[in-house]
Every structure is written in C-alpha cells, then in structure tokens.
Amino acid sequence: MVLTRAPSDTDVSVHSTFASRYVRSSLPRYRMPENSIPKEAAYQIINDELMLDGNPRLNLASFVTTWMEPECDKLIMASINKNYVDMDEYPVTTELQNRCVNMIAHLFHAPLGESETAVGVGTVGSSEAIMLAGLAFKRRWQNKRKAEGKPFDKPNIITGANVQVCWEKFARYFEVELKEVKLREGYYVMDPEQAVEMVDENTICVAAILGSTLNGEFEDVKLINDLLDKKNKETGWETPIHVDAASGGFIAPFLYPELEWDFRLPWVKSINVSGHKYGLVYAGIGWCVWRNKEDLPDELIFHINYLGADQPTFTLNFSKGSSQVIAQYYQLIRHGFEGYRNIMENCHENAMVLKDGLEKTGRFNIVSKDEGVPLVAFSLKDHSRHDEFEISDMLRRFGWIVPAYTMPPDAQHVTVLRVVIREEFSRTLAERLVLDIDKVLYQLDALPSSKLTAPPPVALLPAATLPKNVVVANGHVKKTELETQKSVTEAWKKFVLTSKTNGVC
C-alpha cells in the first residue's frame, strides 16, 4: 500500500524556493520574525538583497584587498571558527601571529639581535594599531613627566590635516590634543618644518604618514627625524615619531628600499601597517610593531589565565577571528620578498598607465605623485561647466566606484577624484577605465552645464515659452528623470562639501 499525503502550507520540500510562501511575503526589517523559515529561503532572501551592493573588484575608492587566491580562501574558511584569543587552545595560530610580527619587524629594520624576538601585536586593522601605539606614547610621556614632578594632564600629538579619521578618534577618545599642520594647494602632506615647530614639552609624538589617504604621497619621515633630533638635543626633550604606514608599509620596502622611513631612523619608535591593504589580506587585520620592549610600557599589558594558561594581551578588544592572521602568514610565505615586489611593481605600472591615459585627455590635473602608494588622484582643469562629483556619479553607471572629495584645510577649495590600484586591478581594467572616463566626459559635455544660473519659476514664464515636453502641475514644473538625477547629485555634492573629509579611506 502506497502512503501519500497532500503537501501542506508548511511542507516546502516540493516547492521551488521562489514558489514558497516565504519569499511571497516580506519579512520584518527591524524586529526578529516570530517564526523560523527554511535555510534555503533565508539564504535566497539575503543573497537577493546583497546583489544590489557594488562590485568589490570595481570599488576603486578602497585600499582594502578584495581578492585572494582560492587556496588562501580555503584556509580562511577552515579557521573561521577559531577564536584567536584562545591561545592555549590554538597554540599554532598564536605561533603564526608571532612569526608575522617578526617578519614585519625585520622588514621595517627593527634593531633586533640574532635570537631576539620582535615586540608587536596583530590588530583588527590600523585604527586599533594606532590607538595602541598612541596609548603607549601617552603613558611613556606621563611616566616621564611624573618622575620629573611636572604636570602631565595636557598631552598633545602633532599630525598633518591629511591624516585618516582614526587619529581624530584617538585624540578625542583618549583626551589628547590634536595639533594639525594645515595643508595648502599643491602641497597635500604634512610640512616637516611646521610640524617640528609645533612640538612642545607636552607633545607625546609626531605622527608621520607613509602614504596619504588623499593622494598616496609619502611624507618625509627622514627630514622630520633630523629636525626633531636637533630640537630634542636643544631642549632636552625626547619627542618620538610614530609612522602610520597603513597603506605604504607593504609598498616602500619593495619599491623604494633605499628610502629611510622606518626603524633605521632613531626617533621612530613604533609603526603600524594594514595587512588588509597592500599586505594583500581581506579586511580585518592590522599590525603594530615597536622598536624595542622599552617603548611599550609594561603596565599596558594585561595577563589572564582563565582560558587555561597565562596569556599576555594588549588589545582594545578581546575575541576576534583567527582567519585573517592565518591568511597574512600565507601571503608572506607564499609570495616572499620577490612576490611582493612583483605585485607592487605591477600596481605601480598600472597606475602609470591610468595616469598617462588621463593626461592624454587634456582635461585633468594629476594631484598624486609617481612615488608613493599606487593610486591616481586627479582634478578637472576646467570647472566652468561640470565638476568631479558629476564624473563620479556618471562612472557608477558603468559599474565603477570612484570617489570625489574635497581636500582638508587649508586646501578645501580643491576637489579631486581618486583611483586606488590594487593587486587585482589589471592592465585591461586600467585601459577600460580610461575609455569609460572619456565616455563620461563626452556625455557630460552634451548636457546643460550645472553651473548655469537657475531659470525663473515657471509661474513667471509665459506658457508659450515653455518646451512642449515640460509638464506643469499646480504651477510647478515636473522634472524629467535626468533633471531629478542631477538634483540628487547636487544635493549629495553639497552634503559632502559640508562634511569633514579626513575619513576618506
């Protein structure tokens, strides 16, 4: 006897995912649903929404890695359930992090003995690394001031106005005065002489940027070191340098090995670098290394034993995944010095291809430098009809995400577009981007200028003078689709112009 039953509302085994009732009705957006749904339906609902995200490979705004080899992807998935903080349970993962710290420290010429281990830590990114480095500088300065019987309640830090927003976060969260060296047109990094002039007895460190977020330029760390050395000798101070090498730390050693910016300079006491940028790892990994043990105060290191053994910890958070640490180790041993150099050379060459293509249009000024992070920052020569925000908006129609932004004070009147060249950005894509920018310029030239004076209200115009395709309702003109889009672009542009740009990344 064959037993059969009619499918009920809850039996979805005979339905396709899209025919089931779970995708026919909308789910609550901001409250947990009352009932469960099948895993296939949950996956499909989420996957469908995610399709509306941009393509990470075409996101030229970001420095963060968006492609890794399949073998590394497998290692990431195999370790995604490991909590890095459980060092006693996952000793091999801990050892891999220590190897990464030592490899990076040697890459940055840390003065280590033959059997000496480096002082450093893996972080969620350069933001956390900078917080930790800043705390170390603040505590060392406070300890020194206390020992001398001097006030220790007004620490400050010297940076350029071009720093990433994480420096502002550090200053605000940990009550340190941020003293910024202003920029000027044509010079978009921190001026070493102005920076050192601003140093006083309350300065905990000078922060130099190896690879400005705005135009990729390397700041002159050696000149800062030399000027600071002279001032320290004259005053008896011991003001140190921290190098924010978030973007340039995995570039300079391979493309510019003779450039002195790291621990070869005596006043450089700590360096941070983003493994998830040109360290070639997906988002979620950064590193901070110190010159020696004396530069990291012991009282900032905590010891715990409730996970099975005594474990030192110096982080702002606690639990975090192990997969990014393992991925960083994979990249370091997979590519080696030779492989990293080849990748960085290729990125630089593709940046030059893009730069040359933009220059041939005759429409742009190149704001970035040839030496630095492989990116191209550029601005329009003629702003009489259109601007960089319109170009950025039009490029999205081709799939490209290219940011437009204004420079920080005192160069806020300068607007630029920026294209970051990552490992996976091929020569073919570079050439295609130039062609698409040409198309955008042609299309913009065919449109009415956004700089023209607004027309008088329709109520003041004779009906006979209105174009036939203009629809009038209640005395108002109904905008065309193109006009609506342009007004949205203008509103977004005004919003960006009134916002601080230090958070561009």
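Biologist: Which residues line the second largest cavity?

Modeller: In this predicted model, the lining is made up of F63, T65, T66, K277, Y278, L280, R422, E423 and E424. The volume of that cavity is about 40 Å³.

Biologist: What makes the lining three nonpolar, two polar and four charged residues?

Modeller: Phe, Tyr and Leu count as nonpolar, while Lys, Arg and Glu count as charged. Thr falls among the others, so T65 and T66 are the polar ones.

Biologist: Let's turn to charge pairs. Why is the contact between E95 and R99 called a salt bridge?

Modeller: The closest N and O atoms of E95 and R99 are 3.1 Å apart, and the cut-off is within 4 Å, so the pair qualifies. Both residues lie in helix 3, four residues apart, about one turn of the helix.

Biologist: How do you know whether E95 is buried or exposed?

Modeller: E95 has 35% relative accessibility. Buried needs under 20% and exposed over 50%, so E95 is in between: partly exposed.

Biologist: And R145, which meets E201 in a salt bridge: why is R145 called buried?

Modeller: Its relative accessible area is 6%, and the limit is under 20%, so R145 counts as buried. Its partner E201, at 38%, is partly exposed.

Biologist: What parts does the pair of R145 and E201 tie together?

Modeller: R145 lies in helix 4 and E201 in the loop between helix 6 and strand 4, so the pair ties together parts that are 56 residues apart in sequence.

Notes
Residues numbered from 1 in each chain as written. Predicted model: local features only at pLDDT ≥ 70, side-chain atom pairs only at ≥ 80, totals over all residues. Heavy atoms only, no water. 1 Å grid on protein atoms, 1.4 Å probe; cavity = no way out; pocket = protein on both sides within 12 Å on 5 of 7 lines; lining within 4 Å. Points joined across faces, edges and corners; volume = space filled by probe spheres on them. Salt bridge = Lys/Arg side-chain N within 4 Å of Asp/Glu carboxyl O. Helix = DSSP H or I, 4+ residues; strand = E, 2+ residues; numbered from the N terminus. Buried < 20%, exposed > 50% of the residue type's maximum accessible area, 1.4 Å probe, protein only.
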